[in-house]
Amino acid sequence: MGLIDVTDVSYTYRNGPRALDCVNLSIAPGERVALMGPNGAGKSTLFQMFNGLLEPDQGQVIVDGLPVVRAHFPAVRRKVGMVFQDSDDQLFNATVYREVAYGLSNMGMPPDELDATVKWALDVVDMPDFLDKTPFNLSGGEKKRIALASVLAMKPQILVLDEPTNALDPLGSTKLLALLNKLNRELGITMIFATHDVDIVPYLADRVLLMEHGALRLNGTPAEVFRNPELLHRLSLRRPYVAQLAELLMQDGLLPPGDPPLSVEQARDMFGQLLCRRAGCEDG
Ligand SMILES: Nc1ncnc2c1ncn2[C@@H]1O[C@H](COP(=O)(O)OP(=O)(O)OP(=O)(O)O)[C@@H](O)[C@H]1O
Ligand SMILES: [Mg+2]
């Protein structure tokens, strides 16, 4: 049994499409899982099943042994922190301080600890000076950071992130990846995130799920998933740029055939060894 188990889950919106079509998946504690697929594939709908914002028409979702049904919503929502795709769906307090403190004060956290935790959460998203601002008047990227801070402050066991780097500037995005990996490594937080950004996936995912028309089509490591150019193309995805470069060099006979690197670091290892060998380095 996983930390999250989704069994035969289907869901149709009222007057809308069948958004989930018999989805089965299991996520182990400490895993980092990317969910990818074209617009309208059902990613956000699936995420809302993890904390009971939507309930399946068929099938069931179990989080840490608890079926996600009304009676368990409070317990499940303490375990699952959700960063929404659209920050405007998440922010509703008059100040940033109150926004980030909201869940903690509902839990009855003492004021000193509450202040320290809010400060910690705003520091990790690089927004320490925004305490008294109104969330609604912030920029898109600033709202995303505050939404993240409000979820991180609760130190959930599972982080569900719907397009977490969307709206962040490049440096903010890089810092967020480092932070999420640190939380995963040091606190064992399980992460599942939806993204269209194929270039971040090798840095942030142990496993990738590809979704189309409400159904899971492929489940594998980043290397396995990015080995399927036709399926990726059908699902409006592509391989990371660094893999595309390596493949062009393979076609030109300048790199040996095989799995291309997916990250800059993997590419450096591959190119470095090759260049070193050609240059006759001692350790090459
Ligand atoms: N509240 C709603 N009412 C009716 N239909 C909806 C609603 N929300 C989503 N849908 C439909 O359900 C399907 C799945 O939508 P969903 O938001 O889960 O897709 P997604 O994979 O998250 O897409 P994106 O990449 O654009 O965020 C789409 O066809 C969408 O139009
Ligand atoms: Mg979505």
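This tour goes from the surroundings of ligand 1 to the contact between the two domains of a predicted model.

**Ligand 1 and its shell**

Begin by selecting ligand 1 together with the 14 residues around it. Within this shell, Gly40, Lys43, Ser44, Thr45 and His196 approach the ligand most closely. Colouring the shell by residue class will show five nonpolar, seven polar and two charged residues. Next, display helix α1, which spans residues 43-50. This helix contributes three residues, the largest share of the shell.

**Polar contacts to the ligand**

Now turn to the oxygen atoms of ligand 1. Select Ser44 and show its side chain: a polar atom there lies 2.9 Å from an oxygen atom of the ligand. Asn39 also offers a polar side-chain atom, at 3.0 Å from a ligand oxygen. At Ala41, show the backbone instead, where an N or O atom lies 3.1 Å from an oxygen atom of ligand 1. A surface on the ligand puts these contacts in context: ligand 1 taken alone exposes 640 Å², and the protein buries 64% of that.

**From one domain to the other**

Widen the view to the whole chain and colour residues 4-238 as domain 1 and residues 240-284 as domain 2, following the domain assignment. The centres of the two domains, taken over C-alpha atoms, are 34 Å apart. Where they meet, nine residues of domain 1 and eight residues of domain 2 take part in the contact.

About 760 Å² is buried between the domains, with carbon and sulfur atoms giving 56% of this area. As a last stop, select Pro202, Tyr203 and Arg238. These residues supply 55% of the area that domain 1 buries against domain 2, and no other three residues supply more.

Methods. Residues are numbered from 1 along each chain as its sequence is written. Chains are lettered from A and ligands numbered from 1 in the order in which they are written. This is a predicted model: local features need pLDDT of at least 70, side-chain atom pairs count only at pLDDT 80 or more; totals for chains, interfaces and linings use all residues. Side-chain values use heavy atoms; hydrogens and water are left out. A residue is near a molecule or strand if one of its heavy atoms lies within 4 Å of it. A polar contact is a pair of N or O atoms within 3.5 Å; within protein, one must be able to donate a hydrogen and the other to accept it, and residues adjacent in sequence count only if both atoms are side-chain atoms. Accessible areas come from the Shrake-Rupley method with a 1.4 Å probe; for residues, only the protein chains shown count as cover. Helices (H or I, at least four residues) and strands (E, at least two) are DSSP runs, numbered from the N terminus. Ala, Val, Leu, Ile, Met, Phe, Trp, Tyr, Cys and Pro count as nonpolar, Asp, Glu, Lys and Arg as charged, and the others, Gly among them, as polar. Domain bounds come from an automatic or database domain assignment. Contact means heavy atoms within 4.5 Å. Buried area is the accessible area (1.4 Å probe) that two parts lose on being put together, summed over both.
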